[in-house]
Amino acid sequence: MIRIRGLKKWFDSRRGRVEALRGIDLEVAEKEFCVLLGPSGCGKTTTLRCVAGLEKPDAGELEIAGTIANSPTRRIYVPTEKRDIGMVFQSYAIWPHMNVFQNVAFPLIRGRKQIAKDLVAEKVRHALRLVQLDGLEDRPATDLSGGQQQRVAMARAMVTEPKILLMDEPLSNLDARLREQMRVELKKITKAVGVTTLYVTHDQAEALSLGDKVCVMYNGEILQTAPPHEVYAKPNSLFVAQFVGEMNFIKGHVTGPSQVECPLGTLPIPVPLGVSVASSVTLAVRPEHVKLNCADGLLDSLSGAITSKNYLGDAQILEVNINGLSLLVKLPGDSEFSIGQKAGVMIPLDRWHVYP
Ligand SMILES: Nc1ncnc2c1ncn2[C@@H]1O[C@H](COP(=O)(O)OP(=O)(O)OP(=O)(O)O)[C@@H](O)[C@H]1O
Ligand SMILES: [Mg+2]
């Protein structure tokens with residue numbers, strides 16, 4: 001539905017050139033929910049604006065629903081209003097002087113699809129039902145809560161039944177609880193409508209929970225594109241490992257074809273292709289994959305002392321010191337370990353990640 005090939009975009013300013021996109025490749029299938037995840041300034045909004053036609057790329061091609069929408073070499077540029085997209089941004093930009101109905105009806109009345117009056121009312125009602133705001137048609141937009149305003153913005157984006165929905169951090173103005181509720185709602189709504197969605201966020205939890213597919217971006221490039229569970233279980237680079245979820249990192253060096261030496265000892269684990277003996281590597285393991293035993297110094301395990309404990313209710317994060325090396329361990333909330341206690345530490349070999 002959306003196909004992006006070698007997309008580049010730079011901005012020239014007095015302070016020189018900023019390469020916002022350095023060659024983005026991405027395909028979003030019909031009805032797929034694709035999330036662009038990355039830190040501030042990595043190019044998420046720029047990518048979205050290129051898809052929307054609000055920004056003209058400097059190189060590469062962009063195809064929407066089988067039609068070339070941008071191609072600098074072929075001098076093709078399809079304007080925003082002809083792209084059949086709906087957009088929701090961080091600032092909902094709903095009109096304060098209009099009521100809910102008028103806000104949602106706006107794209108139908110002013111947009112390119114001229115529509116009969118009674119049909120407008122029907123479509124607006126349908127869109128408001130979808131976001132569970134039916135009955136609030138006459139409410140002034142200013143008399144709505146943050147979450148309700150956000151729903152109005154969503155209804156407005158979807159009232160024209162666009163093929164593609166673009167969303168740029170639409171939940172970031174909401175408080176934590178509402179954000180989680182809206183996350184679930186948002187997924188339901190987009191699946192119910194079957195709209196192809198490209199969604200931007202810097203919040204990894206949001207990306208993992210919403211995306212059918214997650215693209216982790218850094219410095220104008222996509223580093224990894226995969227389903228959420230794969231991004232979490234098999235981060236393909238050190239950056240992705242650092243950015244998505246919690247990780248323990250340990251420096252080590254390669255001492256054999258499948259052997260890494262680190263402060264925890266010599267580990268028989270495979271190293272990435274192209275990493276030769278004597279190279280330095282970074283080992284990574286998630287806190288929930290580190291196991292603790294109350295018995296100190298069990299055979300085949302390391303021994304450490306618990307130095308801190310962060311109780312979270314359903315879980316707890318312990319810090320364990322092993323020969324001066326500190327590891328985070330995530331355990332169920334009801335596990336009984338206390339600060340100062342000695343414990344056996346076990347890390348299954350297949351839970352280690354190795355990065356050059
Ligand atoms: N109009 C512009 N003029 C100059 N530089 C720009 C412009 N728009 C974006 N940039 C630069 O391009 C890079 C990518 O910006 P972009 O807005 O796409 O990042 P982002 O990933 O959306 O970040 P954030 O999470 O902070 O919204 C940044 O370095 C930014 O400063
Ligand atoms: Mg942005």
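Let me begin with a definition: two residues are in contact if their C-beta atoms, placed from the backbone, lie within 7 Å. With that in hand, I can say that residues 24 or more positions apart in sequence account for 65% of the contacts with a separation of 6 or more in this protein chain. I should add straight away that what we are looking at is a predicted model, and every value I quote is computed from it.

Taking the whole chain before its parts, the C-alpha trace spans about 80 × 50 × 40 Å along its principal axes, and the secondary structure comes to eight helices and 21 strands. Of the 356 residues in the protein chain, buried residues make up 32%. The chain is divided into domain 1, covering 2-242, and domain 2, covering 246-355, and the C-alpha centres of these two domains lie 39 Å apart. Where they touch, five residues of domain 1 are in contact with five residues of domain 2, and on the domain 1 side those residues divide into three nonpolar, two polar and no charged.

Let me turn now to the sheet that includes β1. This is an open sheet of five strands in the order β2-β1-β4-β5-β6, and the pairing is antiparallel. Its edge strands are β2, at 16-28, and β6, at 76-77, each of which pairs on one side only. Strand β1, residues 2-13, is joined to β4 by five bridges, and if you want one position to look for on screen, R3 has E63 as its bridge partner in β4.

Two of these strands come up again around ligand 1. Which elements give two or more residues to the shell around that ligand? They are β1, β2 and α1, and of these α1 gives the most, with three residues. There are 13 residues around ligand 1, of which F11, A20, S40, T45 and T46 come nearest, and by type the shell divides into four nonpolar, eight polar and one charged.

Just beyond α1, which covers 44-52, the chain enters a loop that leads to β4 at 59-64, and L54 is found in that loop. Is L54 buried or exposed? The answer lies in between: L54 has 14 other C-beta atoms within 10 Å and is therefore partly exposed, given that a residue needs 20 or more to be buried and 12 or fewer to be exposed. Leaving aside neighbours within four places in sequence, L54 is in contact with R49 and T80. As for E81, it stands 27 residues from L54 in sequence, while the two C-alpha atoms are 10.0 Å apart in space.

My last element is helix α4, residues 146-158, whose 13 residues reach 19 Å from the first C-alpha to the last, close to the 18 Å expected at 1.5 Å a residue. As general background, an α-helix has 3.6 residues a turn, so residues three or four places apart point the same way. In α4, however, the covering is extensive, with ten of the 13 residues buried, including Q149, Q150 and R151 as well as V152 and M154. The buried residues of α4 pack against β7 (85-88) and β8 (164-168), and also against three helices, namely α2 (100-110), α3 (117-130) and α5 (176-193).

Note on methods
Residues numbered from 1 in each chain as written. Chains lettered and ligands numbered in written order. Predicted model: local features only at pLDDT ≥ 70, side-chain atom pairs only at ≥ 80, totals over all residues. Domains from an automatic or database assignment. Nonpolar A, V, L, I, M, F, W, Y, C, P; charged D, E, K, R; others polar. Helix = DSSP H or I, 4+ residues; strand = E, 2+ residues; numbered from the N terminus. Expected span 1.5 Å × (residues − 1). Pairing = 2+ DSSP bridges. Near = placed C-beta within 6 Å.
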